[in-house]
Amino acid sequence: MTASQPGADRNEVLTSVERADGATVCVVGLGYVGLPLAVAFDRAGHAVVGYDVDTVKVGRLADGTDTTGDLGDDQVADSDVSFTADPALVATADYVVITVPTPLGEGNIPDLSAVEAAAGSVGEHLSPGTTVVLESTVYPGATREVLVPAIEDASGFTCGEEFAVGYSPERASPGDADRGLDGVVKIVSGQTDRVRAELAELYRTVADEGVYEAPSIEAAEAAKVFENVQRDVNIALMNELAMACDHIGVDVHAALEAAGTKWNFHDEYRPGLVGGHCIPIDPHYLAHRAEQAGFTTDLLLTSRRVNESVPGHVADLALRALNERGKVLGESRLLLLGVTYKPNVGDIRDSKVADIAAELRTFDVSVQGYDPHADPAEVRRHVGLDLQSSLAFDGFDGVVVATPHDAFAGFDLDAMAEALADAPVLVDVSGLFDADEARAAGFDYRRL
């Protein structure tokens, strides 16, 4: 493993790259997607350059530190990836894979500035004959309409002549050992049949579950956003049913269990918070592109609004429970268990727990958090919530189980209720605890 900072001796780095077997792959962007990909290509026998503009990150990676928390330090330290902040090393690559973030800007408009910046850096150092692959989530058409022009402008080359492009959407689930890069089918597309076939062979070296060759780049781009649009819409239906049942006094989970006895009822979806860096974002990419074409995606946008309203509903469940227990809201304290966007990971990107905390604070309820996976400094900076260093229930009027980490499942409800203030409340967003046991322990139990 080597590292290169701007101004470092390129010859030393190039020597280590040229010794490796197979194609030379440069991965641009070393986050949750790029780092596992770079390490996987390295394990498959390719020479790999891992490029990122963050010099601090590059230094930590060169020292053998897994900056994502998903791989483990050993995998990074044992790799021969040449981590660098020098874009000139792009020139050594047969394939350049771009894995930079694609967030939303103001008004939920897709922000492709990182893609354009990466394409510009790649273009400035691109060697003729290189194939550039975009893995970032984009709307259909963005590879040709955004990536290609940016590379052409920076390089002076023409796509299809001096360089080629492809698209292969990332599909791994951070923190899920069974749904990493080697646990999902990899979609691959290219601007021509030949490019697609070449990329399929490249990705087969790291995709144990196989490769699916999409007939066009646009089909592959659309497939990626479709995956998360489908989940968003189905979860939104469950959330709307849950909120409707709360208003009319029906146990939505009892109703769902009963409905699930019919052979054609789909019971894999349940009400819940929808956070993270994919599901809340990807639908807006498709909606934006459709709007440009003159079509409004009503169902998709309505589903987004429903799911964005859920944190407010969770806070309302807690507020009503406090009121019914005779608590004074301005004097009440709640402990939020779990602040990451999904169980058993440390990722807090777009966690909806921040929205729950903000809504509770508007009613002067004091909130604190506890999460065994999250970094307290990051939570304070991005969520605005203080985390306990060690779990303590004393002095709190209740608990909101926002993220059902496995570590919480074994909690003793009787001991928890005993430690809390009199007449405690328990809002269990995903139903981690048994409702009857919670009520028997003395809780006012509510579930989304």
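## The parallel sheet

In this predicted model, five strands form an open sheet with parallel pairing, in the order β11-β10-β12-β13-β14. Its edge strands are β11, residues 366-370, and β14, residues 444-447, each of which pairs on one side only. From one strand to the next, the twist averages 20 degrees. Strands of a sheet pair through backbone hydrogen bonds, in either a parallel or an antiparallel manner.

The pairing of β13 with the edge strand β14 can be described in further detail. Strand β13 covers residues 425-428 and is joined to β14 in the parallel sense over four bridges. At the residue level, L426 has Y445 of β14 as its bridge partner. Helix α12, residues 353-361, packs on the sheet and touches both β10 (333-337) and β11. The direction of α12 makes about 175 degrees with that of β10.

## The loops around the sheet

The loop between α12 and β11 contains D364. The phi angle of D364 is near 65 degrees, a positive value in a residue other than glycine. D364 counts as exposed because its relative accessibility is 56%, and the exposed class begins over 50%.

A second positive phi value occurs at A423, in the loop between α14 (413-419) and β13. There phi is about 55 degrees, although A423 is not a glycine. With 31% relative accessibility, A423 counts as partly exposed.

## K327 and its surroundings

K327 is located in the loop between α11 and β10. Is this lysine, K327, buried or exposed? Its relative accessible area is 16%, which is under the 20% limit, and K327 is therefore buried.

When neighbours within four places in sequence are left aside, K327 is in contact with L322, S332, D397, A421, D422 and A423. One of these partners, A423, is the residue with the positive phi described above. Another, D422, is 95 residues from K327 in sequence, while the C-alpha atoms of the two residues are 9.8 Å apart in space.

## The packing of α8 and α11

Two packed helices are described by the angle between their axes and the distance between the axes. For helix α8 (residues 217-248) and helix α11 (residues 298-324), the angle is about 40 degrees and the axes are 8 Å apart. Because angles under 35 degrees count as roughly parallel and those of 65 to 115 as roughly perpendicular, α8 and α11 are oblique to each other. The crossing in which α8 passes α11 is left-handed.

On the α8 side, the contact is made by V229, D232, V233, I235, A236, N239, E240, M243 and D246. These residues meet L299, L300, S303, R304, V306, N307, S309, V310, H313, L317 and R320 in α11. By character, the residues of this contact divide into 10 nonpolar, five polar and five charged.

## E170 and its surroundings

E170 is placed in the loop between β7 (163-167) and β8 (186-190). Which class of accessibility applies to E170? With a relative accessible area of 10%, E170 is buried.

Apart from neighbours within four places in sequence, the residues in contact with E170 are V33, E135, T137, K186, K224 and C278. Among them, K186 lies within the stated range of β8, and K224 lies within that of helix α8.

Note on methods. Residues are numbered from 1 along each chain as its sequence is written. This is a predicted model: local features need pLDDT of at least 70, side-chain atom pairs count only at pLDDT 80 or more; totals for chains, interfaces and linings use all residues. Side-chain values use heavy atoms; hydrogens and water are left out. Two strands pair if DSSP finds at least two bridges between them. Helices (H or I, at least four residues) and strands (E, at least two) are DSSP runs, numbered from the N terminus. Axes are lines fitted to C-alpha atoms, for helices over the stretch in contact, and angles run from 0 to 180 degrees between N-to-C directions. Contact means heavy atoms within 4.5 Å. Angles under 35 degrees count as roughly parallel, over 145 as roughly antiparallel, 65 to 115 as roughly perpendicular and the rest as oblique. A crossing is left-handed if the near helix is turned anticlockwise from the far one by less than a right angle, and right-handed if clockwise. Ala, Val, Leu, Ile, Met, Phe, Trp, Tyr, Cys and Pro count as nonpolar, Asp, Glu, Lys and Arg as charged, and the others, Gly among them, as polar. Buried means under 20% relative accessible area, exposed over 50%, partly exposed in between (1.4 Å probe, protein chains only).
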